[in-house]
Amino acid sequence: MGFLLVIERVFVYHWDVFAALTTVVDELVDVDASGLCDGELRARFIEARREIDRLESRAATMLVALHRRGVPRGEGASSTPVWVQFQTGQRVRDARLSLA
């Protein structure tokens with residue numbers, strides 16, 4: 001019973017993290033770039049690109065773990081990249097590159 005409670009807490013914790021991430025991304029998307037001065041636009045772009053790269057790296061790590069555990073095959077997918085495209089809309093080619 002204690003084991004199940006730990007898993008539930010970890011899942012809930014990560015759910016909160018992704019909810020917070022969604023909120024922050026929504027706030028960034030709502031910023032009108034035309035209202036920013038050149039320096040602020042430059043700084044925001046560079047910071048956004050850095051954070052996107054960090055998230056892409058983490059997503060690739062999670063995808064490799066899903067692939068190794070056989071989750072996509074267990075859900076009936078013909079391949080992990082095809083599963084990713086169906087689940088997220090990511091291009092099959094990009095998912096293949098994440099697995100390389």
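Here is a short conversation about the predicted model shown above.

Visitor: Which elements does the chain have, and in what order do they run from the N terminus?
Guide: Happy to start there! The chain holds five helices and zero strands. Read from the N terminus on, the elements therefore run α-α-α-α-α.

Visitor: How far apart are the end C-alpha atoms of helix 2, and what span should its residues give?
Guide: Helix 2 covers residues 38-69, which makes 32 residues. At 1.5 Å a residue, the expected span is 46 Å. The end C-alpha atoms agree with that, as they lie 46 Å apart.

Visitor: What follows helix 2, and what is the sign of its phi?
Guide: Just after helix 2 comes G70. Its phi is near 80 degrees, so the sign is positive.

Visitor: Which residues of helix 2 are buried, and what covers them?
Guide: A60, L63 and V64 are the buried ones in helix 2. An α-helix has 3.6 residues a turn, so residues three or four places apart point the same way. The cover over the buried residues of helix 2 includes helix 4 (80-88) and helix 5 (92-99).

Visitor: Which residues make up the largest nonpolar core?
Guide: In soluble globular proteins, nonpolar side chains tend to be buried together. Here L63 of helix 2 is a member of the core, and its contacts beyond four places in sequence include T80, S98 and L99, along with V84 and A95. The five residues of the largest nonpolar core are L63, A77, W83, V84 and A95.

Visitor: Is S57 buried, partly exposed or exposed?
Guide: S57 lies in helix 2, and its C-alpha is 8.4 Å from that of S98, although 41 residues separate the two in sequence. The relative accessible area of S57 is 44%. Buried means under 20% and exposed means over 50%, so S57 is partly exposed.

Visitor: Which helix supplies the largest share of the lining of the largest pocket?
Guide: The largest pocket has about 1,500 Å³ of space and is lined by 36 residues, with F18, L21, L55, E56 and A59 nearest its centre. By class, the lining has 24 nonpolar, five polar and seven charged residues. Helix 1 (2-29), helix 2 and helix 4 each give at least two residues. The largest share, 18 residues, comes from helix 2.

Visitor: What percentage of contacts between residues at least 6 apart in sequence join residues at least 24 apart?
Guide: For context, the chain has 100 residues, and buried ones make up 13% of them. Among contacts between residues at least 6 apart, the share joining residues at least 24 apart is 23%.

Key
Residues are numbered from 1 along each chain as its sequence is written. This is a predicted model: local features need pLDDT of at least 70, side-chain atom pairs count only at pLDDT 80 or more; totals for chains, interfaces and linings use all residues. Side-chain values use heavy atoms; hydrogens and water are left out. Helices (H or I, at least four residues) and strands (E, at least two) are DSSP runs, numbered from the N terminus. The expected span of a helix is 1.5 Å times one less than its number of residues. Buried means under 20% relative accessible area, exposed over 50%, partly exposed in between (1.4 Å probe, protein chains only). Contact means heavy atoms within 4.5 Å. A nonpolar core is a set of buried Ala, Val, Leu, Ile, Met, Phe, Trp, Tyr and Cys residues joined through side-chain atoms within 4.5 Å. On a 1 Å grid over the protein atoms alone, a cavity is a set of points where a 1.4 Å probe fits but cannot get out, and a pocket is an open set with protein on both sides within 12 Å along at least five of seven lines; lining residues have an atom within 4 Å of a point. Grid points are joined across faces, edges and corners, and a volume is the space filled by probe spheres set on the points. Ala, Val, Leu, Ile, Met, Phe, Trp, Tyr, Cys and Pro count as nonpolar, Asp, Glu, Lys and Arg as charged, and the others, Gly among them, as polar.
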